[in-house]
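Biologist: I'm new to this one. Could you put it up and walk me through it?

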Amino acid sequence: QVTVHDAFVGKGCEGRITPVPAVTAEAGALWMDLYNAVTMQGGRYVQGGGCTDVGVAGLVQSGGFGSFSKAFGTAASGLIEAEIVTADGQVRIVNACSDPDLFWAIKGGGGGTFGAVTRLTLSTHDLPGVFGSAWGKIQAQSDAAFARLITRFISFYRENLFNSHWGEQVSLRPDNTLEISMVCQGLDKTRTSEAWQPFFDWVNASPRDFTAMGPFGSHVGNPRSWWDVEGNP
């Protein structure tokens, strides 16, 4: 079960902590359940994982770095309150005001390490105006060219992508390929495309050293449909 709150305050924190928009995930909830309730239906954002079939409780207890964590923090950092059954058989409500040491421990201490977490409440955020992505696969024609490609990409990342907008992955493979599979938030179509153009131009300027294994591209869209399965085949 997933419950969205307009103004949530933890048990025992009344009058001490300002209520905030939040979402409660009960046992068995997956991130897709939260994205559906919070973003697709509610028009807000909850920081979770990029893989929608991951369990909410496991990711939070493991820290939870996700696609947009550079903007919104880890999944664990959004935890407001949890219900946890400890080894002595007690059902405990833990938050910043009640059992704060245990509350701190489950925010990254490992899934199931301190007890069985049966309910979590996480803060939600204003939804960015746009979500986007960028992709491409490049093969270098020699080990020396591959070393140049890696060096250039690391510099490019530092200059253009090391900010709150960009996340996800770039893979370096044994066959001398570099594969881009990244996402962004808060950048319009022009800024998303412009962010990558210097790198794509650099690659295209050396056709003897680098081969594009398919087209380079970028895309932006409505964030409320980002996790729409039917709209994203």
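Biologist: What volume does the largest pocket have?
Modeller: This is a predicted model, where local features need pLDDT of at least 70, side-chain atom pairs count only at pLDDT 80 or more, and totals for chains, interfaces and linings use all residues. Residues are numbered from 1 along each chain as its sequence is written, and side-chain values use heavy atoms, leaving out hydrogens and water. A pocket is an open set of points on a 1 Å grid over the protein atoms alone, where a 1.4 Å probe fits, with protein on both sides within 12 Å along at least five of seven lines. Filling the largest pocket with probe spheres set on its points gives about 240 Å³.

Biologist: Which strand gives the most to its lining?
Modeller: Lining residues have an atom within 4 Å of a point, and the largest pocket has 15, with Ser67, Glu168, Met182, Val183 and Trp226 nearest its centre. Strands (DSSP runs of at least two residues, numbered from the N terminus) E8 (131-140) and E10 (177-185) each give two or more. With three residues, the top giver is E10.

Biologist: How do helices H5 and H6 run relative to each other?
Modeller: The axes of H5 (residues 143-161) and H6 (residues 189-204), helices being DSSP H or I runs of at least four residues, come within 10 Å and cross at roughly 165 degrees. Axes are lines fitted to C-alpha atoms over the stretch in contact, with angles from 0 to 180 degrees between N-to-C directions. Over 145 counts as roughly antiparallel, so H5 and H6 are roughly antiparallel.

Terms used:
Parallel < 35°, antiparallel > 145°, perpendicular 65-115°, else oblique.
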